[in-house]
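Dear colleague,

I am writing to hand over a structure for your studies. Please open it first, and then read the notes below with it in view.

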Amino acid sequence: MTAGIEAREYTSVAPHRVAFLGLGVMGYPMAGHLARAGHAVTVYNRTASKSEAWCAEFAGAGAVKQAETPQAAAQGAALVFCCVGNDDDLRSVALGADGAFAGMRPGAIFVDHTTASAEVARELYATARERGLQFVDAPVSGGQAGAQKGVLTVMCGGDAAAFDAMQPVAMAYARACTRIGASGSGQLAKMVNQTCIAGMVQGLSEAIAFGQQAGLDMPLVLDVIGKGAAQSWQMDNRGRTMVEGRFDFGFAVDWMRKDLGLVLAEARRNGALLPVTALVDQFYAEVQRSGGRRWDTSSLITRLTPDEPR
Ligand SMILES: NC(=O)c1ccc[n+]([C@@H]2O[C@H](COP(=O)([O-])OP(=O)(O)OC[C@H]3O[C@@H](n4cnc5c(N)ncnc54)[C@H](OP(=O)(O)O)[C@@H]3O)[C@@H](O)[C@H]2O)c1
């Protein structure tokens with residue numbers, strides 16, 4: 001694995017000692033940008049071979065090292081960044097016997113980039129405060145390409161002082177990093193983001209399938225309408241590959257179902273009505289059943305188009 005990160009200009013920030021937990025598709029390049037921006041980065045990954053590869057790749061950027069546990073990685077760090085899969089993974093790397101909270105120094109800030117529930121964010125925020133630590137929920141949008149280019153959008157929840165301390169450092173891999181409100185607000189904003197995407201991708205799928213059925217030159221149609229009111233990130237970045245029937249990249253359907261599960265659970269709590277989102281979640285379940293668990297979310301169109309890829 002390599003980060004595939006692209007060179008970018010970094011705003012000058014005092015070098016910090018930081019930890020990064022979870023070197024997956026997102027975490028690996030994000031941690032790489034932190035090293036390139038001049039921070040001393042200690043990484044932890046459950047599968048140690050990824051930490052080794054990361055250290056080899058970024059050794060030239062400065063003081064990088066790997067740790068065998070989240071606790072060891074967090075020792076002495078002012079900021080502990082994390083990007084793992086879901087609520088349970090997050091609890092395990094933060095609160096487990098050799099979790100990060102056990103190694104963090106008083107006042108240190110845990111910044112969680114996992115897409116997780118607002119509940120787990122509030123739970124870890126409260127535990128962090130009890131232990132003299134700080135916690136910011138900070139899910140991201142922008143995908144693997146955004147992480148590699150260092151242009152993610154980061155939505156944060158937590159105390160203003162903790163946010164003010166982490167924001168300049170996180171800008172190494174972001175083009176926007178904004179505090180939405182109190183603990184959990186970052187995760188709630190990410191749920192808004194995923195709700196927008198669910199409806200958008202279904203609409204785009206229906207539009208493309210309709211155009212194909214009508215015999216139109218769809219790459220041409222997308223070029224034309226992409227300059228009008230129907231334009232969207234999904235149309236710009238996924239329209240053409242949807243027409244081609246290519247889905248072996250991008251943001252996996254399994255992850256989208258996890259995210260929509262979080263959205264629908266939160267909606268049950270707060271009373272919001274999400275009829276289209278609930279339906280699209282079921283459509284994604286059909287895509288999973290037909291073998292598309294790791295396909296990009298744009299594979300929603302496969303429910304509407306003939307089996308044979310064009
Ligand atoms: N990929 C995207 O486009 C995208 C975009 C926005 C947000 N997100 C969100 O960002 C998060 C990470 O996504 P990703 O694509 O980077 O996932 P990924 O490639 O599957 O990486 C997950 C990382 O979490 C680690 N991990 C999982 N469970 C763990 C546990 N119990 N203990 C310790 N480490 C654990 C994995 O370690 P191993 O290497 O040992 O498996 C890996 O480093 C998810 O919440 C996802 O929804 C992803």
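**Findings**

Gln288 lies in helix 12, which covers residues 275–289. The model is a predicted one, and this should be kept in mind throughout. With a relative accessible area of 19%, Gln288 counts as buried, because buried means under 20%. Leaving aside residues up to four places away in sequence, Gln288 touches Val253, Asp254, Arg257 and Arg293.

**The segment after helix 12**

Two leucines in this part of the chain deserve your attention. Leu300 is placed in the segment after helix 12, and Leu304 lies in the segment after helix 12 as well.

Is Leu300 buried or exposed? Leu300 has a relative accessible area of 0%, so it is buried. Apart from residues up to four places away in sequence, Leu300 touches Ala198, Val201, Gln202, Ser205, Val280, Phe283, Tyr284 and Val287. Leu300 and Ala285 are 15 residues apart in sequence, and their C-alpha atoms are 9.9 Å apart in space.

Leu304, by contrast, is partly exposed, with a relative accessible area of 35%. When its neighbours within four places in sequence are set aside, Leu304 is in contact with Gln202, Ser205, Glu206 and Ala209. The C-alpha atoms of Leu304 and Gly146 are separated by 29 Å, and these two residues are 158 residues apart along the chain.

Glu206, one of the residues that Leu304 contacts, is found in helix 8, which runs over residues 185–213. Its relative accessibility is 44%, so Glu206 counts as partly exposed. Between the C-alpha atoms of Glu206 and Val18 there are 45 Å, and the two are 188 residues apart along the chain.

**The two domains**

The domain assignment of the protein chain gives domain 1 (17–182) and domain 2 (189–303). The contact between them takes 13 residues from domain 1 and 10 residues from domain 2. The C-alpha centres of domain 1 and domain 2 lie 29 Å apart.

A further residue to look up is Thr127, which has its place in helix 5 (residues 118–130). Thr127 has a relative accessible area of 15% and is therefore buried. Thr127 touches Leu95 and Phe101, again not counting residues up to four places away in sequence.

**The ligand and its surroundings**

Where does the ligand lie with respect to domain 1 and domain 2? Domain 1 and domain 2 both give residues to the shell around the ligand, so the shell lies between them.

How many residues surround the ligand? There are 24, and the closest are Val25, Asn45, Thr47, Lys50 and Gly85. Sorted by class, the shell around the ligand has 9 nonpolar, 10 polar and 5 charged residues.

Several helices take part. Helix 4 (87–95), helix 6 (143–149) and helix 11 (253–270) each supply at least two residues of the shell around the ligand. Which helix gives the most to this shell? Helix 4 does, with 3 residues.

Polar atoms of the protein lie beside oxygen atoms of the ligand, and three such pairs may be examined in turn:

- Asn45 has a polar side-chain atom 2.6 Å from an oxygen atom of the ligand.
- Met26 has a polar backbone atom 2.9 Å from an oxygen atom of the ligand.
- Val84 has a polar backbone atom 3.2 Å from an oxygen atom of the ligand.

On its own, the ligand has 900 Å² of accessible area, and the protein covers 88% of this.

**Points to revisit**

When you go through the structure again, I suggest starting at the ligand. Asn45 is among the closest residues to the ligand, and the atom of Asn45 that lies 2.6 Å from a ligand oxygen belongs to the side chain. For Met26, in contrast, the polar atom in the pair is a backbone atom. You may then return to the segment after helix 12, where Leu300 is buried and Leu304 is partly exposed.

With kind regards

Terms used: Residues numbered from 1 in each chain as written. Predicted model: local features only at pLDDT ≥ 70, side-chain atom pairs only at ≥ 80, totals over all residues. Heavy atoms only, no water. Near = heavy atom within 4 Å. Polar contact = N/O pair within 3.5 Å; in protein donor to acceptor, adjacent residues only side chain to side chain. Areas by Shrake-Rupley, 256 points an atom, 1.4 Å probe, with all protein chains shown as cover. Helix = DSSP H or I, 4+ residues; strand = E, 2+ residues; numbered from the N terminus. Nonpolar A, V, L, I, M, F, W, Y, C, P; charged D, E, K, R; others polar. Domains from an automatic or database assignment. Buried < 20%, exposed > 50% of the residue type's maximum accessible area, 1.4 Å probe, protein only. Contact = heavy atoms within 4.5 Å.
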